Amino acid sequence: MRDYDIIVIGGGHAGIEAASAAAREGFSTLMITQSLDAIGRLSCNPAIGGLAKGNLVREIDALGGEMGHLIDETFIQFRILNRRRGPAVQAPRAQADKFSYSRRAKERLESIKGLSLFMDTVTDLMTEDGRVIGVVTERGWKISARAVVMTTGTFMNGRIFIGEYDAPCGRLGESAAVGLGDALRRLGFTVGRMKTGTPARVRKSSLDFDELEVQEGDEEIIPFSFDNDEIIRDQLPCYVTWTNEETHSIIRENMHRSPLYGGKIVGKGPRYCPSIEDKVVRFPERERHQIFVEPEGIGTEEMYLNGLSSSLPEEVQHQFIRTLPGLRHVEIMRPAYAVEYDYLDPIQLYPSLETKRLQNLFVAGQTNGTSGYEEAAAQGLIAGINAALKLKGEEPLILKRTEAYIGVLIDDLVTKGTKEPYRMFTSRAEYRLSLRHDNADLRLTRLGYEKHSVSEEKLERLERKLERMDDLRNLIKSHKERGKNGLDLLKEPETDMAYIASRVPEINSYPLSVRREVELDIKYEGYLKRQDSEAAKFEKSERIAIPAEFDYDSLDGLSAESREKLKQIRPASVGQAMRISGVRVSDIALLMMHLRGGAK
């Protein structure tokens, strides 16, 4: 087999973005995945986006990634979450046609010049002089590469659990990837275990829909990709039901049969997406829990029970699921299960997502301890871009906390590490008012173009949008009323763009996305200026660089804990050092004094 510039291990959401980004940069790229039929598979909920996650998807698109296009082409329901709250915490979410999404992902990868797909399992890494030089596969192939991006998801030594049953799988019916986790341990990496889970899938025709609450999609659809001005499509409804005391009683009576509580599973599960067993144990005062019943696609009877993941035995699942309104006669097509897998402690990575221990090896996705398709895809994109930039001898793309949710995500991982599946929330972003989903292209597309991940066509589209925004502001300003111009009127809480447009009809000729963005910028101008000022202060500490080989042992006066943490994480800046858990303020002051004094 021929040699490649970059090899991507895994065909999930991180792998898709990493492989396409590397190939777009002009490097011969090989994606190796266990199943070509499972590329881009939506293993758990077939939905993309959500609170903070929708922001990640739009940032991925702004940087030239694939996820926004894939969900725009395949969604069956679209909603903006948190509409009643401020724009900083609103986000798009779309239910996908599970099978169409995966098919389109594979078709997209097959169409990219310079990208090859190969079905096999990577079991080992080839190394030389402290850098990765290729991979070894289960069928004996030794394939060389100048850089490798590892995106193994839940498959690295994965094991599924359903009550007393367990088997080596990354997903139900799909074999685990055995060998690579042990190879990483042999190379000196710290590898731990994590757990996640998924609910049962049930047959649509067995549901009693008159007992379910209907949840329709939004009439106004906002595309995830900035390349799409509008999407008009029929949508499918989702439904809502609730657990009850009978549900909880059955679960409590069978808790001893749960591998999660019986000791068979040692990995930490997701705090913010708990199993139904966790909910019953952790929230005993709750009389009921909300469950969303969502279609898996147009061409299937399978429905997804969002909020009801479990690892209890199948007969117990049948019992407690049938206590829910609308599900009393349900037919289960696939059982719920838990999956435990190897992950790499992410403090072993630089902010570029390259490993500190082995040069030219990049790691992204659930392998780094994250939870969710969107977090995985965001990391995959950055890892793929940076693998290519490393081969070009250029500086990596490292997004700051002030400019992207992706920056927050990666900084949290590499600075603080994680002992449980990490999930992105708006509350993690200090500057979330500036990091709205609607302005991701304004924040990131030009930067993506500079790093070769964004096409000239996409950049030109941004420039046209900026011109339209300026023109619209001038048009709004030209309107006079009550001694005020339109910009001042729009800052008033009771005045919106629709009101100004009723006075200046030409406004309606501008695209909805342009009108919305201009309105938000005008309304929140004061808050944004204040946040920009805070961000400028934050970035001062980010600009104080710490040499990669800084000798912390020579720095007299450092506390033992700070010295240990600083040596372990090797922060790139004083700002990053300040965010390391356990590093004292006095130690930061001492470090800054030495850096300013030119200490080595």
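User: Contact here means heavy atoms within 4.5 Å. Which residues does Arg171 touch, not counting residues up to four places away in sequence?
Analyst: This is a predicted model. In it, Arg171 belongs to strand β12, residues 169–171. With sequence neighbours up to four places away left out, the residues that Arg171 touches are Ala38, Arg41, Ser43, Phe155, Ile160 and Tyr337.

User: Is Arg171 buried or exposed?
Analyst: The relative accessible area of Arg171 is 11%. Buried means under 20%, so Arg171 is classed as buried.

User: With which side chain does the side chain of Arg171 make a polar contact?
Analyst: Ser43 is among the residues that Arg171 touches. The polar contact runs from side chain to side chain at 2.5 Å, and the partner of Arg171 is Ser43.

User: Which residue of helix α10 makes a polar contact with the side chain of Glu25?
Analyst: Glu25 and its partner are 367 residues apart in sequence, with 9.5 Å between their C-alpha atoms. Their side chains are joined by a polar contact of 2.9 Å. The partner, found in helix α10, also contacts Phe27 and His452. The residue is Lys392.

User: How does Lys392 count in terms of relative accessibility?
Analyst: The value for Lys392 is 32%. Buried requires under 20% and exposed over 50%, with partly exposed in between, so Lys392 counts as partly exposed.

User: How many residues of helix α1 are buried?
Analyst: Helix α1 covers residues 13–24 and has twelve residues. The buried set includes His13, Glu17 and Ser20 as well as Ala14 and Ile16. The helix is mostly covered, and its buried residues number eleven.

User: What distance does α1 reach from its first C-alpha to its last?
Analyst: At 1.5 Å a residue, the expected reach of α1 is 16 Å. The value in the model is close to that: 17 Å.

User: Which residue with a positive phi follows α1?
Analyst: Most residues other than glycine have a negative phi. The residue that follows α1 is a glycine with a phi near 100°, namely Gly26.

User: Which residue in the loop between β3 and α2 has a positive phi although it is not a glycine?
Analyst: The loop lies between β3 (47–49) and α2 (53–62). The residue in question has a relative accessible area of 0%, so it is buried. Its phi is about 70°, and the residue is Ala52.

User: What is the phi of Asn157?
Analyst: Asn157 sits in the loop between β9 (142–150) and β10 (159–162). Asn157 counts as buried at 16% relative accessibility. Although Asn157 is not a glycine, its phi is positive, at about 55°.

User: Which residues point one way from β5, and which the other way?
Analyst: Strand β5, residues 91–96, is mostly covered, with six of its six residues buried. The two directions therefore both hold buried residues: Ala91, Arg93 and Gln95 point one way, and the other way point Pro92, Ala94 and Ala96.

User: Which residue stands opposite Arg79 in β5?
Analyst: Strand β4 (residues 75–81) is joined to β5 by six bridges, and the two run antiparallel. β5 also pairs in the antiparallel sense with β3, over three bridges, and there Ala47 has Gln95 as its bridge partner. Opposite Arg79 stands Arg93.

User: Why is one side of β16 and of β20 left without a neighbour in the sheet?
Analyst: The open sheet has six strands with antiparallel pairing, in the order β16-β17-β18-β19-β15-β20. Because β16 (213–215) and β20 (332–334) stand at the edges, each has a single partner strand.

User: Which residue of β18 stands opposite Trp242?
Analyst: Strand β17 (residues 238–242) and strand β18 (residues 290–295) run antiparallel and are joined by four bridges. Opposite Trp242 in β18 stands Gln290.

User: Which helix gives the most to the largest nonpolar core?
Analyst: That core has 95 residues, of which Ile6, Ile7, Leu125 and Ile406 touch the most other members. Among the residues touched by Ile7 are Leu30, Ile32, Val135 and Ile143. The helix that gives the most, with twelve residues, is α10.

Technical notes: Residues are numbered from 1 along each chain as its sequence is written. This is a predicted model: local features need pLDDT of at least 70, side-chain atom pairs count only at pLDDT 80 or more; totals for chains, interfaces and linings use all residues. Side-chain values use heavy atoms; hydrogens and water are left out. The expected span of a helix is 1.5 Å times one less than its number of residues. Buried means under 20% relative accessible area, exposed over 50%, partly exposed in between (1.4 Å probe, protein chains only). Two strands pair if DSSP finds at least two bridges between them. A nonpolar core is a set of buried Ala, Val, Leu, Ile, Met, Phe, Trp, Tyr and Cys residues joined through side-chain atoms within 4.5 Å. A polar contact is a pair of N or O atoms within 3.5 Å; within protein, one must be able to donate a hydrogen and the other to accept it, and residues adjacent in sequence count only if both atoms are side-chain atoms.
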